[in-house]
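Let's take a walk through this model together, one stop at a time. Keep the sequence and the 3D view side by side as you read.

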Amino acid sequence: MHPLWILQQSTSVKDSFVSTPWAGPWLSGPQELTWSENQTRQHLVPDSRMSRSILVIPALPFHIMLRSHESHLFSTAMRTMFIFFGMLFTLSNAEFQVSLLKESDGVVTGRFADSLLLSLPPCALATQSVTLEYNNTDTNESMLPCRFRRDIISTIENNGQFTTSRNLGYQVTNLTTGSTYRLQYVVGAEKSNILEVSTRQVKDPNQIDSGLPARSGAMVVITVILSVSMFILLVALIVTVAHSLGGD
Amino acid sequence: MADGKGFTCLMVILILGNIFGAAAGLALCALAIWVAVDQFKLYPISGVSGKDDIFAGAWIAIFTGFAFFCMCVFGILAAAKKSRALMLTYLILMLIIYIFECASCITAVTHRDYLVGNSNLVKKQMLKYYAADGDSGSRITLTWNKVMKEVECCGTDGPVDWIEYNSTFREKFGTDYPWPTHCCKRKNNYEVVNVEACKNGQNTTMFTKGCFNHIVSVFSRYTWAISWYGFAVLMFMFWLLILAMVYYLML
């Protein structure tokens, strides 16, 4: 994905202009614009009004303008800034990242004994069909699961006023314990990087060494001082009794 | 040397010391009763492992604490009466009680080191006995369920313990639930907030901290009550007995 930046921010009309410079070919066919704010994703399929507003200047970066007083296009009119994510374009080495989910993504761990939690492809590729190819590096069997929606992990947060639903990742199930897998997303002509991870190897709990780890300082102090004092008292008592008996 | 100013002074010191010792002994008895009652209900963790001398030390301390109280009262009597026979009885009996109390302190602190020196013993016991059949299994299961619910924690060092190791729980219930449902957050009516999210391990729907810190703090509290306070009482009694021996020699 090429970086985007805001060209100018007009205060009179509530819109922003974002430029996407690239030298690739302009894609033909209907384009989809997606933008997202906070965690909700909006998806707009252009209609006839849209095409009127797009100015295309050949061989130069072009600007996408959407006027906000065409308010029916924007259901949430309270926003003051739109951020547009770029169009798709096909460069032969386009690659997006796939990774395991980590603690910072909101899960305890991404590696289980028989499943893995993967991050989802980026938002820009939404509504396209995705295939996940993975193979077990030991046995070299390949799997191409065709169901995708069911194993998506999503969180639903409801704070009483509105509910937001977020997709966290994808759970790949029915894996074997302790084996290495290579995983890759394929979206149309785009591929992600190949992620090589292994599922957890389940250990035997009887291997845990539960013997005495170390003696703490408190234990040593108490034992030493009390033993010495016991000894002293015993000796002192014997001396006392002997002296008093001898003295009589 | 029977009736000098130093002698009277020593008698007064001995009587005052015995009064203080009686109070300290009674306090030891009360504190040991608190430990033996085990308000946090963690006894099964030490009982099943066989290292339960924190509580055995508490029982000994109940008796020695009360015995110190009785003997110190007797000591006031013996010192005031200036009787040799009574003082000798006092010295011998106090030494016997002293030795028993030493045993209580030392064994309590040693077994604490065994139990919670590191998290291995507690983790191994949890993996082996949680959801197991039998008396030990049911006691450990009930204890862990209570701890996980009240302290809002999961596993010994964290939920990863359940998926890192094989366990009786895993063998019994399979891998559909990676950890017990007691690790999941519940609503006020005890219903799990979101079972599927808890199974996936989402932070917001389950407890992610380990229970070991709580278990360490409880056992440490019990141990410090028995062993360190017992140690303090014994150090005081040591000097009291030395003075009593000097007094006996003066009689």
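A:Thr173 sits in the loop that runs between strand S10 (163-172) and strand S11 (180-187) of chain A; helices and strands here are DSSP runs numbered from the N terminus, with helices being H or I of at least four residues and strands E of at least two. This is a predicted model, where local features need pLDDT of at least 70 and side-chain atom pairs count only at pLDDT 80 or more, while totals for chains, interfaces and linings use all residues. Residues are numbered from 1 along each chain as its sequence is written, chains are lettered from A and ligands numbered from 1 in the order in which they are written, and side-chain values use heavy atoms, with hydrogens and water left out.

Back to the loop: A:Thr173 has a relative accessibility of 25% and counts as partly exposed. For that label, buried means under 20% relative accessible area, exposed means over 50%, and partly exposed is in between (1.4 Å probe, protein chains only). A:Thr173 and A:Thr137 are 36 residues apart along the chain, and their C-alpha atoms are separated by 16 Å.

Now try A:Val107, in the loop between strand S5 (95-96) and strand S6 (116-118) of chain A. A:Val107 is buried, at a relative accessible area of 0%. Its C-alpha lies 8.9 Å from that of A:Leu168, although 61 residues separate the two in sequence.

A:Val187, in strand S11 of chain A, is buried too, with 1% relative accessible area. How far apart in space are A:Val187 and A:Val228? They are 41 residues apart in sequence, and C-alpha to C-alpha the gap is 77 Å.

A:Val228 takes us to a nonpolar surface patch, shared with A:Val220, A:Val221, A:Val224, A:Ile225, A:Phe231, A:Ile232, A:Val235, A:Val239, B:Trp224 and B:Trp228, about 910 Å² of accessible area together. Patch members have over 30% relative accessible area and no salt bridge; like charges are joined within 9 Å, and nonpolar side chains (Val, Leu, Ile, Met, Phe, Trp, Tyr) within 5 Å. The areas come from the Shrake-Rupley method with a 1.4 Å probe, and for residues only the protein chains shown count as cover. Helix H2 (217-247) of chain A and helix H10 (212-250) of chain B each supply at least two of the patch residues, with the largest share, nine residues, coming from H2(A). One residue to click on is A:Val220, in helix H2 of chain A, which is partly exposed at 41% relative accessible area. An α-helix has 3.6 residues a turn, so residues three or four places apart point the same way.

H10(B) is worth following along its length. Its 39 residues should span 57 Å at 1.5 Å a residue, and its end C-alpha atoms are 56 Å apart, which agrees; the expected span is 1.5 Å times one less than the number of residues. There is a bend of about 30° at B:Trp224, taken as the angle between axes fitted to the seven residues ending there and the seven starting there.

Next, the charged pairs. Side chains of opposite charge can pair when their charged atoms come close. Over all chains, the whole structure has 13 salt bridges, each being a side-chain nitrogen of Lys or Arg within 4 Å of a carboxyl oxygen of Asp or Glu. One of them joins B:Glu164 and A:Arg200, with the closest N and O atoms 2.7 Å apart. This pair crosses between chains, from helix H7 (residues 160-164) of chain B to the loop between strand S13 (195-198) and H2 of chain A. Are these two residues buried or exposed? Both B:Glu164 and A:Arg200 are buried.

Another salt bridge brings together B:Asp161 and B:Lys123 (3.4 Å, N to O). B:Asp161 lies in helix H7 and B:Lys123 in helix H5 of chain B, so the pair ties together parts 38 residues apart in sequence. B:Asp161 counts as buried at 6% relative accessibility, and B:Lys123 counts as buried at 9%.

For a last stop, find B:Ser119, in the loop between helix H4 (84-116) and helix H5 (120-129) of chain B. B:Ser119 counts as buried at 10% relative accessibility.
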